[in-house]
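Trainee: Please take me through one part of this model closely, namely how its helices pack, and then place that part beside a few individual residues. I would like the cut-offs spelled out as we go.

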Amino acid sequence: MGATGRVTAVLGPTNTGKTHYAIERMLGHRTGVIGLPLRLLAREVYDRIVAIRGPSVVALVTGEERIVPDRTQYWVSTVEAMPQDIGADFVAIDEIQLCADPERGHVFTDRLLRARGLHETLFMGAETMRQVIANLVPGVSFMKRERFSELTYTGSKKISRMPPRSAIVGFSVENVYAIAELIRRQKGGCAVVMGALSPRTRNAQVAMYQNGEVDYLVATDAIGMGLNLDIKHVAFSATSKFDGRRMRPLFAQELAQIAGRAGRHTEAGTFGVTGEVRPFEEDTIEAIEEHRFTPVRKLQWRNAALEFGTVDRLIRSLEAPTSNEWLTRARAADDVLALKALSALPEVQEKVTSPKRVQLLWDVCRIPDFRGASEQEHISLLTRIFDFLVGKGIGGGRVPSDWLKQAVSRIDRTDGDIDAISKRLAYIRTWTYVAQRKGWVDDETHWRDETRAVEDRLSDALHARLTQRFVDRRTSVLLRRLKQKETLVAEVNDKGEVTVEGEFVGRLEGFRFRQDASGSPDEAKTLRQAAVQALRPEFHLRADRFYNAPDTEMDFTEQGGLMWGTLAVGKLVKGAEALRPSVEAFVDDEAGPDVAEKVRRRLQHFIDRKVAAQFEPLAAMSRDEALTGLARGFAFRLVEGLGVLPRDVVANDVKELDQDARGALRKHGVRFGQFTIFLPLLLKPAPTRLRLVLWSLWNGLDEFPESPPPGLVTIPNVAEVPKQHYTLAGYHPAGTRAIRIDMLERLADILRQKDSRAGFEATPDMLSITGMTLDQFSDLMGGLGYKGEKAERAKVKATEPVVVVAVDPDAPLNPIPEEVSVLAPMPEEPEAAPEMEAYYTFTWAPKPRHIRPERGPRPERAPRPQGERPQGERPAGDRPQGDRPKGDRPKGERRDRPQGDRPKGDRPHGDRPQGDRPQGERPQADAVQADRPQGERPPRQGKPGGKNDRDRGGKGDRPDRPDRNDKPRQFEARPPRPEKPIDPDNPFAALLALKGKV
């Protein structure tokens, strides 16, 4: 455009009437062009000019919409779609400060430098552009506009306290929808305005707001670009946005542009924040209120003198640098990136053979990615369109009508939700853009009308879905009746459902009224008052029924909740003791203190009886006055542990207990296991479930561990779960599984009978107890401190029984043929490969805790008389007994000794890795131990029948044995010889008969 007219920059904040001034100036000329930043704003200005001059002289040109009458005088368009070189008398560019925008700034900068009217040119924007315009546009004059109304910061407000006629601003579709949903529930509904909406949908939403059907508007920053709405307050739900490359905070001038939508014309406006947004800094507030911002120093620029000789020359011209200090080369835009991607494709390279085709390729690359698809998908679409347009020569190619019809028909559907319809609208915008390009399709008028009709249908459907989702018609009606101070009638049916004026508003759950979440807070306050009036007699009736209900109708949850059938009526809280929890009743304040106290007492009675029944063994043990001294202290430890204690935690306490103390504890069901001290009755599912809840309450856990399903012998051992949780649940972690405590002790009883040094195999009893496969059992044993070595061997087949066939003596015999030799050897059958089976050999191999120094040989001591021992030395019967780990033994075996109840690292006591012998043995006994068969013991010496003689396994020397330095004796086990009958002919028969009588 020529530069012969007057150039004026009209600068100032929002609500200064700049756009209105430009429209008046344009209509004062015979022809004019005005460029606007948004398609929505262009449509609004177009409608205003049409209302003044009529549709026959006003054109609307955007990327996806083109309305051009034959006698067009005034052109309204987006900045990117502005017609150039048409010789218009007047040219105006709105929001000129967007020259600094990283994405679109180069387009605005180009219009600032090159777009001129024959008689007048206007640039409207922020005051921050004054200095840069003065340096780039010679002869420009400036006009400053003052804001019509005052703008004030009001701080942070919750959405529930947002005043009517407010706009809440978000910067993503998800954020806008979430806020709109919240406002629907709290305020009855809202309108939604986004730049991605079609003008038809946007206008329908704005009309709903302007007409007073809703009092709230949720929008993106699109409202900051000149949309004139009746807004009194603007609240920011976020202060950062995605600029196409990254998330960045908004600049102060961007915040001011949006906040300035509040207070239209002479009415004062306010702005603030909501949600989790931090309040603005004082500097930012002052800058927005006084409209003082940092001047723009650099404008985004891209070379407009393009060379279409080849693709490479075109790219170089697009990336040409600038020497102007006020300009900076813009980063590669989407169209440049698309050009580079397409030019690298062989099928495109072979078709770009002339400058006209290079220019055509550039025009195709400028198709915006309305769909927001992946880069590869967008490039594929552009490649297909370019292939169609090249055809058999320039001017001869078109997008096939059949192909375009099929693509449009797939989009022409109005079913689905908001996201589905919004996606179809984005797709139709692509084909609307293609249809607007001259020479790209056959019958351009038809396809422009067709794509416009599809967009209108989708726009209407989207408006309907938005209204349906974000506007509650029922709430709107009730709000209007509430404003008229009408009395509302509330009722309660036998199911606890509460209705007001015949509308469902909530339900009575236990002793709490749950209001319908779809109601707004303004509506809820009055509705709740009316509902509570009807609920008061219901509260008392329910409290009486609950107080007289049996315990079988009540239960507790694994998270400490208290239930009455399916209704939550309270929860457990920490009490004075672990076994004496308190309760908190869930009762609304409107029910009154009498109802609350009655419910609380009934819940306390329930849980007290539940604890007394499930933990009766612990209560009986704590009341037993016969328990004294160490036994009573240990009983207290068991009560503290709720009936389950890991043995390694109380190893020292167990060691100090004598046999009488243990016997007294065993009377109460206490079992001293190798790994755990526990009461078997408290391992049942019901006590276990209650134990986990009580322990979690006492320790203040936020989330309680849940008890495993009943009947499982093993459960997975999750590394993130503390070991104590498994112990309280009645399980012991070992390997990748955790085994039930009582089953582990049964397994330990079997393992004591095995030679853990020489090695043993897993028996069917072991596998049956654990319910595991052989490989799983090996992992379990590894967790218990055993090493399993896997091997294979031939499987022994069961011997087939001999079948005796009865022969009939009267049956005729079949003669043997002469050619068959009776004496010939039987033919040998080929030996089949033996069937192999896997097995494990387990040996005790605990992980060493620390390396103990080697000890030298013990000095020999002189023998002492039987029964005497030095001061402080323990009896020989108290030494560790070989390979047998300590713990409760099966019924019928000897009882535990005090010193035998201390586990060492969850391994058998006698298997300490002390050189080549277990601690407590003498070197002289090693030969006896090595030469006698496993499982046998040498004959006992000393006092027969003594306690130490019965309890001792017989290994090692005794101090009272006089011949302990003699050569070790050899022993072997043989079955008794069968007695032979006396031969009467034997001459010594008479002496043999007297053998057993003398």
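Mentor: What follows begins with the whole chain, turns to the packed helices, and ends with single residues.

This is a predicted model, in which local features need pLDDT of at least 70 and side-chain atom pairs count only at pLDDT 80 or more, whereas totals for chains, interfaces and linings use all residues. Residues are numbered from 1 along each chain as its sequence is written, and side-chain values use heavy atoms, with hydrogens and water left out.

The protein has 31 helices and 35 strands, these being DSSP runs numbered from the N terminus (H or I over at least four residues for a helix, E over at least two for a strand). Of its 998 residues, 47% count as buried, where buried is under 20% relative accessible area, exposed is over 50% and partly exposed lies in between, with a 1.4 Å probe and protein chains only. Among contacts with a separation of 6 or more, 69% join residues 24 or more positions apart, a contact being heavy atoms within 4.5 Å.

Now to the packing itself. Two packed helices are described by the angle between their axes and the distance between the axes. Helix α15 (residues 418-436) has 19 residues and reaches 27 Å from its first C-alpha to its last, close to the 27 Å expected, the expected span being 1.5 Å times one less than the number of residues. In α15, 14 of the 19 residues are buried, so this helix is largely enclosed by the rest of the structure. The axes of α15 and helix α16 (residues 444-470) come within 9 Å and cross at roughly 160°, where axes are lines fitted to C-alpha atoms, for helices over the stretch in contact, and angles run from 0 to 180 degrees between N-to-C directions. That makes α15 roughly antiparallel to α16, the word being used for angles over 145 degrees, while under 35 is roughly parallel, 65 to 115 roughly perpendicular and the rest oblique. The crossing of α15 past α16 is left-handed, that is, the near helix is turned anticlockwise from the far one by less than a right angle, clockwise being right-handed.

A second pair can be set beside this one. Helix α9 (residues 311-318) and helix α10 (residues 334-343) pack at about 160° with their axes 11 Å apart, and they are therefore roughly antiparallel to each other. α9 also passes α10 in a left-handed crossing, and here Val311, Leu314, Ile315 and Leu318 of α9 meet Val336, Leu339, Lys340 and Ser343 of α10.

Helix α19 (residues 593-614), with 22 residues, spans 32 Å, close to the 32 Å expected, and its buried residues include Val595, Leu603, Phe606 and Ile607.

Finally, some loop residues. Most residues other than glycine have a negative phi. Glu95, not a glycine, has a positive phi of about 55°; Glu95 lies in the loop between β6 (90-93) and α3 (105-114) and is buried, at 5% relative accessible area. Leu642 likewise has a positive phi, near 60°, sits in the loop between α21 (629-640) and β27 (644-646), and counts as buried at 1% relative accessibility.
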